Amino acid sequence: MKRVTLFILLCGTLLTSVCFAEDEIRSVAEFCATFTDNKNEYQLHLIKNISIPPDPRWIYPDTVRCGHCRCRAYWESSFEIEAPYDVSCGLSGLLGGGGGGVSICPGCPCRKESAVTPITRIRLDPTDSDGLVYTFVNARENLKRYYGKKFRGSWETRLHETSIRFDQEFDALLVGECDKPFLIAEYCVSQKDSLHLYKTRELGFFPKTLFPLKDETVCVGGYKVQKTLELHFSGYGNKIMGPYTESEVCGRNDTIETSAEFPIPEYIGLNRVATKSQKQEILYGKDFPAKWTAKLECNSKSLKREINFFIRVRDACTKEEEEWLVDPDLDMRFFQLYKNSDDSENSCIVNGKD
């Protein structure tokens with residue numbers, strides 16, 4: 001009898017330890033660091049998410065009333081990581097919360113009340129890069145002493161249209177320098193009109209990438225940026241998209257940003273890679289390598305930057321997803337390739353596909 005009791009007590013202790021260990025693991029978000037041509041700067045990337053149960057004391061309303069039509073209750077969330085930095089800078093990374101603003105839909109029924117969905121678990125958004133760039137002197141070298149250490153993270157969410165807010169702390173572990181390309185987006189395979197991939201969700205973001213230019217560089221006589229996307233589908237073929245070009249055509253002297261911006265394509269046409277008769281199932285559930293190449297021409301110099309990443313092909317698009325698909329030939333039409341919002345009305349800046 002004593003042996004049985006001892007065995008039960010021992011098992012109970014082990015189970016409790018395992019549960020505590022699992023909770024600790026689930027509450028630690030892991031990040032790695034990337035570096036740019038600015039030696040005093042680094043960026044964090046979420047590589048292992050958290051999954052923390054919400055506080056059971058949180059009280060949710062049943063509905064939210066809005067002062068406009070198309071009422072929609074959603075949570076606007078953000079998080080901060082107290083990572084090493086030298087100069088005071090923004091540390092908040094905004095999480096996807098559903099977007100703000102009021103949607104206008106002529107002919108849609110007016111809905112001024114929306115049901116509230118309680119929070120079932122706390123997770124960080126791996127696609128949001130806001131606030132995850134830090135200023136740190138000689139970052140690549142000096143950050144090494146912080147690898148393997150934990151930092152405090154804080155998560156906050158607010159119910160849109162209300163003053164209701166909740167917050168939760170978590171641990172953030174800096175594991176080291178990022179050592180492999182990131183998985184950026186997931187796609188489904190569609191055969192609507194033509195065989196192509198349709199983006200279903202984003203899974204990450206591109207590391208901050210800089211052209212090796214001095215700040216406030218002036219491109220005498222204008223500039224030109226060409227971008228090309230290469231994708232390699234093992235067993236299917238290769239796909240090249242582009243080149244997509246932005247150029248200043250008025251021949252003036254322009255101050256250019258040093259950042260190389262890389263968009264995530266909504267559509268990837270496969271009609272020249274494969275035919276409908278090929279078994280698209282060989283793509284399902286696999287990750288495929290891709291590479292963006294950007295070449296800047298400025299002041300008789302040609303500067304090139306490349307970024308490697310992966311995309312994931314999930315499976316065939318569902319009927320609901322197919323309903324939202326539009327012409328896959330639009331490929332990159334809706335992307336700003338190398339353009340500030342201030343240039344939106346600038347007729348000297350021309351975007352196109354060569």
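**Disulfides and nonpolar cores**

C219 and C298 are both buried. In this predicted model, the two cysteines form a disulfide, with their sulfur atoms 2.2 Å apart. The torsion about this S-S bond is about -105°, so the link of C219 and C298 is left-handed. C219 belongs to strand 12 (residues 217-219) and C298 to strand 17, so the disulfide ties together parts that are 79 residues apart in sequence.

The structure holds 4 disulfides. Another of them joins C188 to C317, with an S to S distance of 2.0 Å. Here the torsion about the S-S bond is about 85°, so the disulfide of C188 and C317 is right-handed. This pair links distant parts of the chain. C188 sits in strand 10, while C317 lies in the loop between strand 18 and helix 3 (319-324). The two cysteines are 129 residues apart. C188 is buried, as is C317.

A further disulfide is formed by C66 and C71. Their sulfur atoms are 1.9 Å apart. With 55° about the S-S bond, the link of C66 and C71 is right-handed. Both of these cysteines are buried.

The nonpolar cores come next. In soluble globular proteins, nonpolar side chains tend to be buried together. The largest nonpolar core of the model has 40 residues. L197, F233 and I311 are the residues with the most contacts inside this core. Several strands give two or more residues to the core: strand 10 (182-190), strand 13 (223-233), strand 14 (237-248), strand 17 (286-298) and strand 18 (301-316). Strand 17 provides the largest share, 6 residues. Strand 17 also holds C298 of the disulfide with C219, and strand 10 holds C188 of the disulfide with C317.

I311 shows what such contacts look like. Leaving out residues up to four places away in sequence, I311 touches L183, A185, Y187, L197, L231, F233, I268, K286, D287 and F288. Among these partners are L197 and F233, which, with I311, have the most contacts inside the largest core. The list also includes K286 and D287.

A second core is separate from the largest one and has 35 residues. Among its members are F31, C71, A139 and L143. C71 is thus named twice: as a residue of the second core and as the disulfide partner of C66.

Key. Residues numbered from 1 in each chain as written. Predicted model: local features only at pLDDT ≥ 70, side-chain atom pairs only at ≥ 80, totals over all residues. Heavy atoms only, no water. Core = buried A, V, L, I, M, F, W, Y, C linked by side-chain atoms within 4.5 Å. Buried < 20%, exposed > 50% of the residue type's maximum accessible area, 1.4 Å probe, protein only. Helix = DSSP H or I, 4+ residues; strand = E, 2+ residues; numbered from the N terminus. Contact = heavy atoms within 4.5 Å. Disulfide = S-S within 2.5 Å.
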